[in-house]
Amino acid sequence: MARAGLSAALVTACVLVSAAALARPFSDPRGEVSERIDQAGANEPRDPACHARKLVAAGGAAPRGRHTLAVRWIGYGNFELAYGGQVILLDAYYDRGSEFMPLGMAAGDITRANLILLGHGHFDHMSDAASIGSRTGATVVGAPITTETLAKQSIPAQQVRTVSGRGGELLTFNGFTVEPILGRHGEPGKHLTEVMETALAQLMPAPTAAQEAEAKPIAARGTFSPRVIDEGTIAYVITLDTGFRILYRDSGGVVTAEEKAAMARIGRVDLAFTPISADYINPMMISQALEYLHAYQPAVVMPDHHDAPRTMGHVPQWRATEPLFEAMKAEAPELVTVSKEYREPTCFNTEFNLQHGY
Ligand SMILES: [Zn+2]
């Protein structure tokens with residue numbers, strides 16, 4: 001009996017040990033290509049912040065690890081980055097109207113943000129920046145045409161920083177730096193947009209009069225200035241205090257001379273948020289995606305600006321990520337690609353980064 005009791009206890013102990021061995025705070029997507037990253041954190045308890053859809057900015061749990069980065073995509077160019085007790089929002093376009101599938105949160109839910117980086121001043125990138133900025137006290141950064149547009153809205157001027165992206169503008173925050181780099185807005189050819197939009201307008205449901213009325217004040221909180229194209233689109237390189245680098249771009253234009261110069265100095269980035277271009281046709285979208293791959297040489301890519309309204313709108317169709325991922329991986333087999341749904345978290349152990357090797 002004693003022996004049987006002992007074996008039962010051993011079996012129980014083994015089960016407990018193996019359950020503990022399986023536990024880990026989160027699964028870093030780079031674990032796909034790096035056994036060291038995959039093994040890191042084994043035997044540590046699960047981090048709820050890396051499994052919940054609730055934004056840290058809206059009162060959700062912040063990552064437990066000091067060097068854990070939690071990323072959530074929230075439609076279009078919107079991302080939340082939670083790191084080192086800070087909340088960074090990339091773009092601010094949450095209240096999109098009933099034409100869209102619900103994001104599961106509203107601009108008014110956001111109570112906490114330290115920094116808002118605006119990629120450009122079209123309404124579908126900045127319409128909620130003033131309200132969130134003034135409520136949270138976050139610093140809001142954008143190109144001249146973007147901050148001129150903000151100045152017409154209700155946000156204290158001392159919170160707003162204007163950048164040109166032409167160099168010498170490194171911004172320092174608590175636990176990270178931000179380098180603005182002049183990008184360029186997407187410019188899909190007229191021969192393409194006229195054909196596709198005429199066809200789609202015949203096939204897609206039109207927004208109702210109520211939806212059009214709803215969209216008007218949202219659109220009024222952005223700019224339609226042509227300056228957005230060549231002087232109003234900013235890419236940002238965020239460098240965390242571990243050395244982990246993130247590149248953010250929210251419009252699918254060509255890579256600029258300023259970006260090429262910055263990347264020649266920086267080398268590679270650990271994580272790139274790159275837009276899926278508005279070119280409709282897969283070979284053209286792939287060609288733009290490969291230009292980003294060559295320019296930024298990221299370890300991980302997460303797409304942005306690939307969702308769309310349910311009606312015929314300014315972005316009439318969701319843009320598929322898989323054809324781009326396949327084409328990128330054919331050139332860079334070690335590339336890790338991540339495309340999730342609204343607000344699903346992805347966590348990174350940023351102690352592993354390209355600057356320090358892994
Ligand atoms: Zn735009």
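I count two residues as in contact if their C-beta atoms, placed from the backbone, lie within 7 Å. With that cut-off, I looked at the contacts in the chain with a separation of 6 or more: residues 24 or more positions apart account for 69% of them. I keep in mind that this is a predicted model.

**Overall build**

I went through the secondary structure next. I found 11 helices and 14 strands in the chain. The radius of gyration is 22 Å, and the globule rule gives 21 Å for 358 residues, so the chain is as compact as a globular protein of that length. I also took the box along the principal axes. The C-alpha atoms fill roughly 80 × 45 × 40 Å. As for burial, 45% of the 358 residues count as buried.

**The sheet with strand 1**

Which strand order does the open sheet with strand 1 have? I read it as 6-5-4-3-2-1-14, seven strands with mixed pairing. Strand 6 (160-162) and strand 14 are at the edges with a single partner strand each, so one side of each has no neighbour in the sheet. From one strand to the next, the twist averages 20 degrees.

I then followed strand 1 (residues 68-73). Is this strand mostly covered or mostly open? It is mostly covered, with six of its six residues buried. I checked the two faces separately. Thr68, Ala70 and Arg72 are buried on one side, and Leu69, Val71 and Trp73 are buried on the other.

I listed the partners of strand 1:

- Strand 14 (residues 345-349) runs antiparallel to strand 1 and is joined to it by five bridges. Here Arg72 has Pro345 as its bridge partner.
- Strand 2 (residues 79-83) is also antiparallel to strand 1, with four bridges between them. Here Ala70 stands opposite Ala82.

I looked at the turn between strand 1 and strand 2 as well. The hairpin has five residues between the strands, and Gly75 takes a positive phi near 85 degrees.

One step further along, strand 2 meets strand 3 (residues 86-90). They pair in the antiparallel sense over five bridges. Leu81 faces Ile88 of strand 3 in this pairing.

**The sheet with strand 10**

I moved to the sheet that runs 7-8-9-10-11-12-13. It is open, has seven strands and has mixed pairing. Its edge strands are strand 7 (171-173) and strand 13 (336-337), and each pairs on one side only.

Do strand 10 and strand 11 run parallel or antiparallel? I found strand 10 (residues 245-248) and strand 11 (residues 271-275) parallel, joined by three bridges. Leu247 stands opposite Ala272 of strand 11.

I also asked what lies across this sheet. Helix 9 (residues 257-266) lies across strand 8 (176-182), strand 9 (234-240) and strand 10. The helix runs at about 145 degrees to strand 8.

**The nonpolar core**

Which residues of the largest nonpolar core touch the most other members? I got Ile116 and Leu117, out of 81 residues in that core. Helix 10 (residues 282-296) gives the largest share of this core, seven residues.

I finished with the surroundings of Ile116. I left aside its neighbours within four places in sequence. Ile116 is then in contact with Leu89, Ala92, Ala129, Ile132, Gly133, Ala138 and Val140.

Terms used. Residues are numbered from 1 along each chain as its sequence is written. This is a predicted model: local features need pLDDT of at least 70, side-chain atom pairs count only at pLDDT 80 or more; totals for chains, interfaces and linings use all residues. Two strands pair if DSSP finds at least two bridges between them. Helices (H or I, at least four residues) and strands (E, at least two) are DSSP runs, numbered from the N terminus. Axes are lines fitted to C-alpha atoms, for helices over the stretch in contact, and angles run from 0 to 180 degrees between N-to-C directions. The radius of gyration is taken over C-alpha atoms; the globule rule is 2.2 Å times the number of residues to the power 0.38. A residue is buried if 20 or more other C-beta atoms lie within 10 Å of its own, exposed if 12 or fewer, and partly exposed in between; C-beta atoms are placed from the backbone. A nonpolar core is a set of buried Ala, Val, Leu, Ile, Met, Phe, Trp, Tyr and Cys residues joined through C-beta atoms within 7 Å.
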